[in-house]
Structure formats: C-alpha cells, structure tokens
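Got the viewer open? Let's walk through it one selection at a time.

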Amino acid sequence: VQLVESGGGLVQSGDSLRLSCTASGSTGGANAMAWYRQAAGGQREVVAILTNDGSMTYYTGSVKGRFTISRDNAKNTMYLQMDSLRPEDTAVYYCNSGRYLSGSYYATNYWGQGTQVTVSS
C-alpha cells in the first residue's frame, strides 16, 4: 500500500488545518489507520486511530476535543481535522495503515512521507 499525506503548512496558534492521507494498493489485511506525529528531536507518537468500519476512534490526550479523525472510504482517504492548534502541535505528521486488535493498534511498515505542520505563537 502507498500512503500520501497532504495539507500541512504554517499557521498561527488557534488556527485550523485539515490533513489528508490517500491510500492506494493493497492494505495487506489492515483494518485501521492512524495519524502519528514526530516533533524535531522527539519520538514518533500516535495522535489518532480510526478503524476502517468506523466503530472505534482513539485520540491521545493532548488533542482530545481539538482534533477529529475521519475517512471517506469511497476516496480511500483519511483526514485529520485539527482545530485550535497550539505551538506544541508542531511536528511532521504521518499516516499509517495497521491493525486494531483487542484494544491495541499495531502499526505496519506502511507509512506516508509525512507533512509538516508548524504552529507559530
């Protein structure tokens, strides 16, 4: 599977952005997708997860109430609506196609190239 992210940019604190991740090719049995982010000098962390059937969503604590993950299956595209952005949201955002089983998300090696989000104060 190939994943292509888009939608990043430079915004001010309090602004909004919508990231997109378009998938093509075989997903190899994946049943969920996720957004991760990696700040400069930091580790990659999961931001949000959504199962393909829409039955489960997960958000990391710092983005709850501000970010919304969604997908359009007809377009093979996943979105991350990011509102009330903060400087600490600055990072490269990646999408991943993986499996969600028994309460845990298992990332696969299918990653996009990433899209930079920079939030100025």
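Start with the link of C21 and C95: it is right-handed, with 65° about the S-S bond. The sulfurs sit 2.0 Å apart, and one disulfide is the full count here (a pair of cysteine sulfur atoms within 2.5 Å). C21 belongs to strand β3 and C95 to strand β9, 74 residues apart, so the pair links distant parts of the chain (strands are DSSP E runs of at least two residues, numbered from the N terminus). Both C21 and C95 are buried (under 20% relative accessible area, 1.4 Å probe, protein chains only).

A word on what you're viewing: this is a predicted model, with local features needing pLDDT of at least 70 and side-chain atom pairs counting only at pLDDT 80 or more, while totals for chains, interfaces and linings use all residues. Residues are numbered from 1 along each chain as its sequence is written, and side-chain values use heavy atoms, leaving out hydrogens and water.

Next, select W35, V47, F67, I69, L80, M82 and Y93. Of the 24 residues in the largest nonpolar core (buried Ala, Val, Leu, Ile, Met, Phe, Trp, Tyr and Cys joined through side-chain atoms within 4.5 Å), these touch the most other members. Strand β3 gives the most to this core, four residues.

Zoom in on L80. Setting aside neighbours within four places in sequence, its contacts (heavy atoms within 4.5 Å) include L17, W35, V47, F67 and Y93. Apart from that core lies another, of six residues, among them A32, A34, I49 and M56.

Last stop: β9 and β10 (residues 104-111), antiparallel and joined by five bridges (pairing takes at least two DSSP bridges). Find G98 opposite A107, then S102 in the two-residue turn of this hairpin, with a positive phi of about 50°.

Definitions and conventions
Buried < 20%, exposed > 50% of the residue type's maximum accessible area, 1.4 Å probe, protein only.
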